[in-house]
Amino acid sequence: MSGRAGAALERALVLSQQLIAAAERSDLQELARLDAERLRLLQSAEPERGSLSADDRLILAQVSELNDRAIGLMEHNRRGKERDLDMAAVGRRAVAAYSATGPER
């Protein structure tokens with residue numbers, strides 16, 4: 001580990017793991033909070049980017065992988081919500097269509 005950058009990257013990895021858990025719960029507030037803190041840590045390690053050890057680069061790769069996974073989870077959740085909204089809209093249109101015809105006499 002390369003000192004301060006290594007500690008920041010390790011903490012960013014922990015936050016990335018917590019991001020996955022928040023994404024699985026669709027906890028957008030927690031996601032935003034964790035992501036902002038992680039970004040701050042990653043930016044603090046930026047000046048030492050050229051002197052990162054192999055372990056630091058491995059941690060950075062893990063952070064990137066977990067980030068991609070969290071994004072995938074959130075996209076999956078978004079698509080699910082979109083499907084739910086589409087089905088609700090279909091239901092509303094059906095109710096409107098059937099109610100417009102009125103009862104048969």
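**Note on helix packing and salt bridges**

1. Arg-33 and Glu-37 are separated by about one helical turn, because the two residues stand four residues apart in helix H2. Their side chains meet in a salt bridge, with a distance of 3.4 Å from N to O. Please keep in mind that this is a predicted model. Glu-37 counts as partly exposed, at 21% relative accessibility, and Arg-33 is partly exposed as well, with a relative accessible area of 43%.

2. Arg-33 has a further partner in Glu-30: the two form a salt bridge in which the closest N and O atoms are 2.8 Å apart. Both residues belong to helix H2, which covers residues 28–45, and they lie three residues apart, about one turn of the helix. Glu-30 counts as partly exposed because its relative accessibility is 24%, and the range for that class runs from 20% to 50%.

3. The pairs described above belong to a wider arrangement. Arg-11, Glu-30, Arg-33 and Glu-37 are linked in a network of salt bridges. Of these, Arg-11 is among the H1 residues that meet H2, while Glu-30 and Glu-37 are among the H2 residues on the other side of that contact. The structure as a whole holds seven salt bridges.

4. Another salt bridge joins Arg-25 to Asp-27, with the closest N and O atoms 3.7 Å apart; the cut-off for such a pair is 4 Å. Arg-25 has its place in helix H1, which comprises residues 4–25. Arg-25 is exposed, since its relative accessible area of 53% is over the 50% limit. Asp-27, at 27% relative accessibility, counts as partly exposed. Arg-25 and Met-74 are 49 residues apart along the chain, and their C-alpha atoms are separated by 9.6 Å.

5. How do H1 and H2 pack? Two packed helices are described by the angle between their axes and the distance between the axes. The axes of H1 and H2 come within 9 Å and cross at roughly 160°. H1 is therefore roughly antiparallel to H2, as angles over 145 degrees are placed in that class. The crossing in which H1 passes H2 is left-handed.

6. The contact between these two helices has 13 nonpolar, three polar and six charged residues. From H1, the residues taking part include Ala-5, Ala-8, Leu-9, Ala-12, Leu-15, Leu-19 and Ala-22. From H2, they include Leu-31, Leu-34, Leu-41, Leu-42 and Ala-45. Charged residues are represented by, among others, Arg-11 and Arg-25 of H1 together with Asp-35 and Arg-38 of H2.

7. Is Arg-38 buried or exposed? Arg-38, found in helix H2, is buried, with a relative accessible area of 4%, because the buried class takes in values under 20%. Leaving aside residues up to four places away in sequence, Arg-38 touches Ala-12, Leu-15, Ser-16, Leu-19, Val-63 and Asn-67. Among these partners, Ala-12, Leu-15, Ser-16 and Leu-19 belong to H1, whereas Val-63 and Asn-67 belong to H3.

8. H2 packs against helix H3, which spans residues 54–101, at an angle of about 155° and with the axes 13 Å apart. H2 and H3 are therefore roughly antiparallel to each other, and their crossing is left-handed. Leu-28, Leu-31, Arg-38 and Leu-42 of H2 make this contact with Leu-60, Val-63, Asn-67 and Met-74 of H3. By class, there are six nonpolar, one polar and one charged residues.

9. A final remark concerns Gln-17, which is found in helix H1. Gln-17 counts as partly exposed, at 44% relative accessibility. Gln-17 and Asp-68 are 51 residues apart in sequence, and the distance between them in space is 12 Å, C-alpha to C-alpha.

Definitions and conventions. Residues numbered from 1 in each chain as written. Predicted model: local features only at pLDDT ≥ 70, side-chain atom pairs only at ≥ 80, totals over all residues. Heavy atoms only, no water. Buried < 20%, exposed > 50% of the residue type's maximum accessible area, 1.4 Å probe, protein only. Contact = heavy atoms within 4.5 Å. Axes fitted to C-alpha atoms, helices over the stretch in contact; angles between N-to-C directions. Parallel < 35°, antiparallel > 145°, perpendicular 65-115°, else oblique. Left-handed = near helix turned anticlockwise from the far one by under 90°. Nonpolar A, V, L, I, M, F, W, Y, C, P; charged D, E, K, R; others polar.
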